Amino acid sequence: MNCCISGEVPEEPVVSKKSGLLYEKRLIERHIADYGKCPITGEPLTSDDVVPIKTGKIVRPRPVQAASIPGMLGMFQNEWDGLMLSNFALEQQLHTARQELSHALYQHDAACRVIARLKKERDEARSLLAQAERQYHVSAANAMTANAVALSNGKRAAEDEEMVPGAKKIHTGITSAIIDELTECNASLSQQRKKRQIPATLAPVEALEGYTQISSHPFHKTSKPGILSMDILYSKDLIATGGLDTNAVIFDRPSGQILSTLSGHSKKVTSVKFVAQGDQFITGSADKTVRLWESSDDGNYICRHVLKDHTAEVQAVTVHATNNYFVTASLDNTWCFYDISSGTCLNQVSDSSGSSGGYTSAAFHPDGLILGTGTVEALVKIWDVKSQANVARFDGHVGAVTAISFSENGYFLATAAHDGVKLWDLRKLKNFRTFAPYDPDTPTNSVEFDHSGSYLAVAGSDVRIYQVANVKSEWNCIKTFPDLSGTGKATCVKFGPDAKYVAVGSMDRNLRVFGLPSEDGPTES
C-alpha cells in the first residue's frame, strides 16, 4: 500500500482513525502541524487521530526510472552531471586558493627584499658613522698637535715629549661604534666558521712529504744578513720580509721579482704585515716606531704615517679581521690599538698586574675579539679587545714567548719559546700538548698554523711540519726541512696559499721556498 500524500511505500506507516487512509508518519505529522486537517478529506485531524501500523521489513520497490534502460541512462546522466558540477566547483576553489597563495608569497618576497635593503642601509650608515668618528679623531689629534706646536714656539711635539719625563699621550679610546663593528665582524666570522670545510685544493699530506727546496732569493744586505719576520698575501701570492738590515722587501713569488724595498727604519724590522689586498703595509721596528705604508701607482710603497707611541722596541704587529685596525706590541710592556685609515692610536694598554716584562709577540684570534700576547717573562696573556682586559694567562714556558698562532678552527692556540712549542685548548684554557723538537740550547723561533688549520709549522734549528689532530690524538711530524742557511737558525716560517709551498726565513739573507719540484723546478734568483 502507498502513502496517500507521496504515493510511495511508507517507511513508517500510520492510518487515520477517522478516514482510514494510510500515510507516511513524518509527512502527515508535518501536514497536521501546518494545517490541522486531513489532506484528502479536509476533516479536522490531530496527531492523536493517527495510529502507527506494525509491519514486517519493507522492501522498497524499484523506482520507475530504474525499471527501464532509458530510465537508468537518464539516472546515470543526472549523476554524471552532478559529479561534473561538483568537480567544477572544486576547481574554482582550487584556483582561488592558488591565487591567494601566490599573492601571499609575493608579499613575503617583497617584505624580505625590504628587510634586506633596510639592513644594507643600516650597515652603510654604521660604516659612515665609524668613518666619521675616525675622521673626527684625526681632526682632534691634528688640532692637539697644532696647539702643541704653537705653545712650543714651533718645536716638534715629539721633541717636547722627550723633554718632559713621563709625559703621556692622550688617546680617545675604542668607541662604542668601533666595538659594534668588531662585534658584527666576530658574529659573521663565527657563523662562517661553523660551516667551514677543508678546501679541496689544500695540499695533501703526501704532497708535503715530497716538498724540497724549489727556490732561494737573496733579499737583504750582506753586511747585515738575517730575515726576522715574514708575511704572505694569499690573494696575490706576495711575500714580505723584514730584515736585520732595517729594510722590508715585498716579493712577487710567481714572477720571482722584487716589487719594492721599503727603507726608513733605523734599526732591524721585527714585524711585517699586509693589510686587505696589499694596498697598505705595516712594519714594526726595534727603533721604537711603526710605519704605515701605502702602495702608489708605480708599484712602490710610500710611508704615510710614522707612529711613535712606544718607548721601547716594537716586537709584533697583528691586523684585525676587519682590515680597519691593527695592534702593536712592544718591550715597553704596552700594546696599542690603531686605526689604519688615520694612523691614530686609539688606546695604549698596559698590564695592571704589575708585570715588568715587555711583549715579544702578539696575534689576533681569527674572529677578532680576542688578542693573544707573549711576554719576556714566558707568559701568554689573552685579552678581551672590547674591554682591553686581561681575561686569561698561560704559564709553563721557559724563556720569552717568541711566536703566537691561532688555528682557524678558533679554539687551538700554539705558542713558541726557548723550551719548544705548547698547544693550548681555548675552550678549557689548558695546555694539552708540548713539542720539544730541539736541544735545550736551541730556542724555537716561530710557530704557524696554515690558513685551513690542517698543518702546523715549527722553526728553530730546522723547520718541521706537523699534521693537526684533535686534543687526544697524536700530532705527527710529517716533514722536516733541514737548515740550508748554515746559520743553524730558522727565524720565521709561513705556509703559502692552500699550503702549496712553505716559505722559510733564516739568519742569512735568503728567503727559501719549499714545494713540489714537479710544479716549480729548482731556481735561484
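The legends below describe close-up views of a predicted model.

**View 1. Lys-479, a buried lysine without a salt bridge.**
Lys-479 sits in strand 28, which covers residues 477-481. The residue is buried, and no salt bridge is found for Lys-479. The nearest side chain of opposite charge belongs to Glu-209, 8.5 Å away, whereas a salt bridge requires a side-chain nitrogen and a carboxyl oxygen within 4 Å. The side chain of Lys-479 instead reaches a backbone atom, the oxygen of Tyr-211, at 3.3 Å. Apart from neighbours within four places in sequence, the contacts of Lys-479 are Leu-208, Glu-209 and Tyr-211, together with Val-463, Arg-464 and Ile-465. Glu-209 is thus listed among the contacts of Lys-479, although its charged side chain is 8.5 Å away by the charge-pair value.

**View 2. The open sheet of strands 21-22-23-24.**
Four strands make up this sheet in the order 21-22-23-24, and their pairing is antiparallel. Strand 21 (403-406) and strand 24 (430-435) are the edge strands, each pairing on one side only. On average, neighbouring strands of the sheet are turned by 20° against each other, direction ignored. Between strand 21 and strand 22 (residues 412-417), which run antiparallel, there are four bridges. One residue to look for in this view is Ala-403, whose bridge partner in strand 22 is Ala-416.

**View 3. The salt bridge between Asp-49 and Lys-18.**
The closest N and O atoms of Asp-49 and Lys-18 are 3.7 Å apart. Asp-49 belongs to the loop between helix 1 (25-35) and strand 3 (50-52), and Lys-18 to the loop between strand 1 (13-16) and strand 2 (22-24), so the pair ties together parts that are 31 residues apart in sequence. Asp-49 counts as buried, with 15% relative accessibility. Lys-18 is partly exposed, and its relative accessible area is 48%. The whole structure contains 14 salt bridges.

**View 4. The salt bridge between Arg-427 and Asp-425.**
The side chains of Arg-427 and Asp-425 meet at 3.0 Å, taken from N to O. Arg-427 is exposed, having a relative accessible area of 51%. Asp-425, in contrast, counts as buried, at 3% relative accessibility. The bridge therefore joins an exposed arginine to a buried aspartate.

**View 5. The salt bridge between Arg-512 and Asp-508, and a network elsewhere.**
Arg-512 and Asp-508 meet through their side chains in a salt bridge of 2.9 Å, N to O. Arg-512 is buried, with a relative accessible area of 8%. Asp-508 is buried as well, and its value is 11%. Separately, Asp-231, Glu-448 and Lys-494 are joined into one network by salt bridges that share partners.

**View 6. The hairpin of strands 29 and 30.**
Strand 29 (residues 490-495) is mostly covered, with six of its six residues buried. Five bridges connect strand 29 with strand 30 (residues 502-506), and the two run antiparallel. Phe-495 stands opposite Val-502 of strand 30. Six residues lie between the two strands of the hairpin, and Asp-498 in the turn has a positive phi of about 55°. For viewing the strands, note that side chains in a regular strand alternate between the two faces of the sheet.

**View 7. Gly-488 in the loop before strand 29.**
Gly-488 is placed in the loop between strand 28 and strand 29. This glycine is partly exposed, with a relative accessible area of 36%. Residues up to four places away in sequence aside, Gly-488 touches Gly-460, Ser-461 and Asp-483. Ser-285 is 203 residues from Gly-488 in sequence, and the C-alpha atoms of the two are 24 Å apart.

**View 8. Thr-175 and its polar contact with Glu-133.**
Thr-175 lies in the loop between helix 3 (157-163) and helix 4 (176-194). The residue is buried, with a relative accessible area of 17%. Its side chain makes a polar contact of 3.0 Å with the side chain of Glu-133.

Technical notes
Residues are numbered from 1 along each chain as its sequence is written. This is a predicted model: local features need pLDDT of at least 70, side-chain atom pairs count only at pLDDT 80 or more; totals for chains, interfaces and linings use all residues. Side-chain values use heavy atoms; hydrogens and water are left out. Buried means under 20% relative accessible area, exposed over 50%, partly exposed in between (1.4 Å probe, protein chains only). Lys and Arg count as positive and Asp and Glu as negative; His and the chain ends are not counted. A polar contact is a pair of N or O atoms within 3.5 Å; within protein, one must be able to donate a hydrogen and the other to accept it, and residues adjacent in sequence count only if both atoms are side-chain atoms. Contact means heavy atoms within 4.5 Å. Two strands pair if DSSP finds at least two bridges between them. Axes are lines fitted to C-alpha atoms, for helices over the stretch in contact, and angles run from 0 to 180 degrees between N-to-C directions.
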